[in-house]
Amino acid sequence: MQKVLEEIGLIGIVPVIAIEDAADAEPLAQALIEGGLPCAEVTFRTSAAKESIEKISKVFPDMLLGAGTVLTVDQVKIAVDNGSKFIVSPGLNPKVVEYCLANDIPITPGVATPSEIEVALSFGLDVVKFFPAEASGGLDFLKAISAPYKNLKFIPTGGIDEKNLLSFIKFNRVLACGGSWMVKSELISNKKFSEIRDLTARAVNLLLGFDIRHVGINTPTSEEAIQNAEKLKKIFGMELKDTTGSIFVGTQFEVLKRVFLGANGHIAISTNSIERAINHLKRRGVDIKPDTKNIVNGKLQTVYLDCEIGGFAFHLIQI
């Protein structure tokens, strides 16, 4: 998979935007970045697309900027010449796909049937756009048509919003989702960029699904760990589960039998996608402790963050 597409997968949501006035491009991109999505697909549905792509790419060169609703090779050339890093088309136009592949331009053409999927595979593509996602039958239809094509990833777009984002994104064949609910045309034209920023942040929070899983309490000895666990059991009436390194009291407390990270202990935070969470947190200035990675069956399950607040360390848990 091309690096740009891998980055799209780590971001998880691609805002699909139609800009009528190129003057709105820069503040719109700023709102998306501040909201946590340094990514955008600027559609060629308006005459301002070319200038908008040019402005965003110059002011925000690190933004993952693409062009959508690309119908011709000429539009590909315009988009790339002005800073687009990837191309998205509503359907599978062989001429557009051939040109992009010949020039090493990442492209995700739209598909909605097994026949179109097989044409995409014949070009050697490993990521396609599922469009229009909801109108074509939604997640159930995607699961059905994707079943025979095990190595292909999809970016569902069309009818995706806060109500169905998680159901799509949790399907392991989905690389990311495209959507416009946080960048609706009326919000852009009315220059409600702070609202776009807030809607974007809400979308990111929904995607990541951060929640407190349990609180870990450091204790210097196994004997003290047992005593503290018994106290918690007596207060809250929770069952104890003794493991090699700690004692769980219900699912809310973990009493460690030693002093580990954090002056007092740790707080475990669950997330829908630990890899995406790491990617988003790094942009917020929070890195991980690589030596604390816990990998099970080739997949990252837990990792500590490189920060401590109020005497507590933090680690992520994949749910």
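**Exercise 1. Is Thr-69 buried or exposed, and what is its relative accessible area?**

Before we start, a word on the model: it is predicted, so local features need pLDDT of at least 70 and side-chain atom pairs count only at pLDDT 80 or more, while totals for chains, interfaces and linings use all residues. Residues are numbered from 1 along each chain as its sequence is written, and side-chain values use heavy atoms, with hydrogens and water left out.

*Solution.*
- Step 1: get the cut-offs. Buried means under 20% relative accessible area, exposed means over 50%, and partly exposed is in between, using a 1.4 Å probe and protein chains only.
- Step 2: apply them. Thr-69 has a relative accessible area of 17%, so Thr-69 is buried.
- Step 3: find its place. Thr-69 is in the loop between β3 (64-68) and α4. Helices (H or I, at least four residues) and strands (E, at least two) are DSSP runs, numbered from the N terminus.
- Step 4: check the backbone. Phi of Thr-69 is near 50°, a positive value in a residue other than glycine.

**Exercise 2. Find Gln-75 and list what it touches, skipping residues up to four places away in sequence.**

*Solution.*
- Step 1: look in helix α4 (residues 73-81), where Gln-75 sits.
- Step 2: Gln-75 is buried, because its relative accessible area is 17%.
- Step 3: contact means heavy atoms within 4.5 Å. With the sequence neighbours set aside, Gln-75 touches Phe-44, Thr-69 and Val-70. There's Thr-69 from the loop before α4 again.

**Exercise 3. Take stock of the whole protein: its elements, its span and its surface.**

*Solution.*
- Step 1: count the elements, and you get twelve helices and 16 strands.
- Step 2: along the principal axes, the C-alpha trace spans about 75 × 45 × 30 Å.
- Step 3: of the 319 residues, 50% are buried.
- Step 4: the protein exposes about 15000 Å², and carbon and sulfur atoms supply 52% of that. These areas come from the Shrake-Rupley method with a 1.4 Å probe; for residues, only the protein chains shown count as cover.
- Step 5: among contacts with a separation of 6 or more, 62% are between residues 24 or more positions apart.

**Exercise 4. Which residues touch the most other members of the largest nonpolar core?**

*Solution.*
- Step 1: know the term. A nonpolar core is a set of buried Ala, Val, Leu, Ile, Met, Phe, Trp, Tyr and Cys residues joined through side-chain atoms within 4.5 Å.
- Step 2: the largest one holds 86 residues, and Ile-8, Ile-87, Ile-196 and Leu-316 touch the most other members.
- Step 3: helix α10 (residues 193-208) gives the largest share of this core, seven residues.
- Step 4: zoom in on Ile-196. Leaving aside neighbours within four places in sequence, Ile-196 is in contact with Leu-28, Ala-31, Leu-32, Met-182, Val-183, Leu-187 and Ile-188.
- Step 5: don't miss the second, separate core of eight residues, which includes Ala-225, Ala-229, Leu-232 and Val-249.

**Exercise 5. Sort the side chains of strand β2 by the way they point.**

*Solution.*
- Step 1: recall the general pattern. In a regular strand the side chains alternate between the two faces of the sheet.
- Step 2: in β2, Cys-39, Glu-41 and Thr-43 point one way, while Ala-40 and Val-42 point the other way.
- Step 3: β2 (residues 39-43) is mostly covered, with five of its five residues buried.
- Step 4: look for a partner. Strand β1 (residues 13-17) runs parallel to β2 and is joined to it by two bridges; two strands pair if DSSP finds at least two bridges between them. Val-16 has Glu-41 as its bridge partner in β2.

**Exercise 6. Track down a cis peptide bond, then visit Ala-112.**

*Solution.*
- Step 1: the cis peptide bond joins Phe-131 and Pro-132, with omega about -10°.
- Step 2: Pro-132 is in the loop between β6 (127-130) and α7 (138-146).
- Step 3: move to Ala-112, in the loop between β5 (107-111) and α6 (114-122). Ala-112 counts as buried because its relative accessibility is 18%.
- Step 4: not counting residues up to four places away in sequence, Ala-112 touches Phe-130, Phe-131, Ser-136, Phe-141 and Ile-145. So one side of the cis bond, Phe-131, turns up in both steps.
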